Amino acid sequence: VDVDVFAPTAERRARFRARHRVPEDRLLVLGLGLVLRRKGVEDFVGAARQIDAEFFWAGKSFPFPVVFSPSMRWAIRTAPRNVHFVGILDHPDGVAEACAAADVFLFPSFEENQGIVILEAAAAGLPLVLRRIGCYEEWIRPDDNALAFTDRPGLAESLRAVASDAALRTRLANAARKMADEHRLERVGARLRAIYESVARR
């Protein structure tokens, strides 16, 4: 991740919130990714029914019925008024603005290769709430740099915790920034170069 691109600013936060009419004191929960069932969109909508906050999902939607299951279509059509699907955001400023405007990053995906959007949100200093899946095991430390859940009750419990505890949000955000820094482009590039050079020498 390019940590400089996603560094949050007050201007970015203000622009996104003004555009979408979200007051500064209103909790904003952000999700990023394609609007696919495997991304956990149904759970994202379900969480919005239980948590008093604005829920924004940014990402491409596909035409019906290509990848939409009936249950996901129903979840989106009946989503409460605090759920907002805002489509694709111009990269990188659009995503960076959304991250700067948010207070919590919720990513309920069931399956990922890595989850680059997690690093983008972490670089923006967002507390992370993630589903516990295998590909995160080497770099996501539950209750340290993220809160991890396995089911819908756990999701709601994690969100309530970060929504009600400013100190917890700060602790998670600081740990997320540190984790993003470990995955910054320069460091990953240096590690990859060392691997290629080691192989070439053999």
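**Figure 1. The whole chain at a glance.** The accessible surface of the protein chain adds up to about 10,500 Å², and carbon and sulfur atoms own 52% of that. Keep in mind for every panel here that this is a predicted model. The chain has eight helices and six strands, and if you walk along from the N terminus, the elements come in the order α-β-α-β-α-β-α-β-α-β-β-α-α-α. The C-alpha trace spans about 60 × 40 × 30 Å along its principal axes. A compact globule with 202 residues would have a radius of gyration near 17 Å, and the protein chain has 17 Å, so the two agree. Of the 202 residues, 49% count as buried. Take the contacts between residues at least 6 apart in sequence: 71% of them join residues at least 24 apart.

**Figure 2. Where the charges sit.** The protein chain carries 30 positive and 27 negative charges, and the mean positions of the two sets are 3 Å apart. As a rule, side chains of opposite charge can pair when their charged atoms come close. Searching the whole structure turns up 18 salt bridges. The close-ups below pick out a few of these pairs, plus one network.

**Figure 3. Arg12 and its surroundings.** Helix H1 covers residues 10–19, and Arg12 is part of it. Is this arginine buried or exposed? With a relative accessibility of 13%, Arg12 falls under the 20% cut-off, so Arg12 counts as buried. Which residues does Arg12 touch, once its neighbours within four places in sequence are set aside? The contacts are Val5, Phe6 and Ala7, together with Asp93, Ala96, Glu97 and Ala100.

**Figure 4. Arg15 reaches across to Glu97.** Here the side chains of Arg15 and Glu97 meet in a salt bridge, with N to O at 2.7 Å. The pair ties together distant parts of the chain, since Arg15 belongs to helix H1 and Glu97 to helix H4 (residues 93–101), 82 residues apart. The two ends sit in unlike settings: Arg15 is partly exposed at 41% relative accessible area, whereas Glu97 is buried at 8%. You have met Glu97 already, as one of the contacts of Arg12.

**Figure 5. Two loops joined by Asp52 and Arg26.** Asp52 makes a salt bridge with Arg26, and their closest N and O atoms are 2.7 Å apart. Asp52 lies in the loop between helix H2 (41–48) and strand S2 (54–58), while Arg26 lies in the loop between H1 and strand S1 (28–32), so this pair links distant parts of the chain, 26 residues apart. Asp52 counts as exposed, with 62% relative accessibility. Arg26 is partly exposed, at 21%.

**Figure 6. Glu112 paired with Arg38.** This is another salt bridge, and the closest N and O atoms of Glu112 and Arg38 are 3.6 Å apart. Again the partners come from distant parts of the chain: Glu112 from the loop between strand S4 (104–107) and helix H5 (116–123), Arg38 from the loop between S1 and H2, with 74 residues separating them. Glu112 has 15% relative accessibility and counts as buried, while Arg38, at 36%, is partly exposed.

**Figure 7. A four-residue network.** Which residues share a network of salt bridges? Two arginines, Arg13 and Arg17, are linked in this way with Glu24 and Asp103.

Key: Residues numbered from 1 in each chain as written. Predicted model: local features only at pLDDT ≥ 70, side-chain atom pairs only at ≥ 80, totals over all residues. Heavy atoms only, no water. Helix = DSSP H or I, 4+ residues; strand = E, 2+ residues; numbered from the N terminus. Buried < 20%, exposed > 50% of the residue type's maximum accessible area, 1.4 Å probe, protein only. Contact = heavy atoms within 4.5 Å. Rg over C-alpha atoms; globule rule 2.2 N^0.38 Å. Areas by Shrake-Rupley, 256 points an atom, 1.4 Å probe, with all protein chains shown as cover. Lys, Arg positive; Asp, Glu negative; His and termini not counted. Charge placed at Lys NZ, Arg CZ, Asp CG, Glu CD.
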